[in-house]
Amino acid sequence: MRKTLIGLLAGAASLGLVNKVKGQIEPCLIQQVAGSDSVNGDNFGFAVAVSNNYAVVGAPLHMHHNNQSGSAYILNRREDGWDVKAELLPLNLEAKKFGRSVSISDDGDYVVIGSEGPAIAYVF
């Protein structure tokens, strides 16, 4: 049996374990998480990356100053579930769809967030 932490796309990110037994996949929901200021239509959970006790979740349609510049959220796993620890914003709020792609280093020290317009990768 193999267990892997995953994120599923939804209005809120669903974090769970997937058990793979004899070729059959059996998902098990652990917790549904939303950003601290998420609203419907943000596309929270569009992109998800997980490394050990940290996850980064993109919300590329999140509004800031009447602009869909997007955002990304850093989540931290504790014994009783996942907490949103930080919201990341593009340096230029004129950016479009920041959070469209996300990645996190194996040790959780670095996060890379992609945006669509202009096409830039932000390293945190």
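Lys97 is partly exposed at a relative accessible area of 31%, where partly exposed lies between buried (under 20%) and exposed (over 50%), with a 1.4 Å probe and protein chains only. The model is predicted, so that local features need pLDDT of at least 70 and side-chain atom pairs pLDDT 80 or more, whereas totals for chains, interfaces and linings use all residues. Residues are numbered from 1 along each chain as its sequence is written, and side-chain values use heavy atoms, leaving out hydrogens and water.

**Exercise 1.** Determine which residues are joined with Lys97 into one network of salt bridges.

*Solution.* Start with Glu116, whose side chain meets that of Lys97 in a salt bridge of 3.6 Å, N to O, the criterion being a side-chain nitrogen of Lys or Arg within 4 Å of a carboxyl oxygen of Asp or Glu. Next, Arg100 forms a salt bridge with Glu116, in which the closest N and O atoms are 2.5 Å apart. Salt bridges that share partners thus join Lys97, Arg100 and Glu116 into one network.

**Exercise 2.** Find how far Asp42 is from the nearest side chain of opposite charge, and identify a polar contact of its side chain with His62.

*Solution.* Asp42 is buried and has no salt bridge, and the nearest side chain of opposite charge, Lys97, is 13 Å away; here Lys and Arg count as positive, Asp and Glu as negative, while His and the chain ends are not counted. The side chains of Asp42 and His62 are nevertheless joined by a polar contact of 2.7 Å, a term for N or O atoms within 3.5 Å, of which, within protein, one must be able to donate a hydrogen and the other to accept it, residues adjacent in sequence counting only if both atoms are side-chain atoms.
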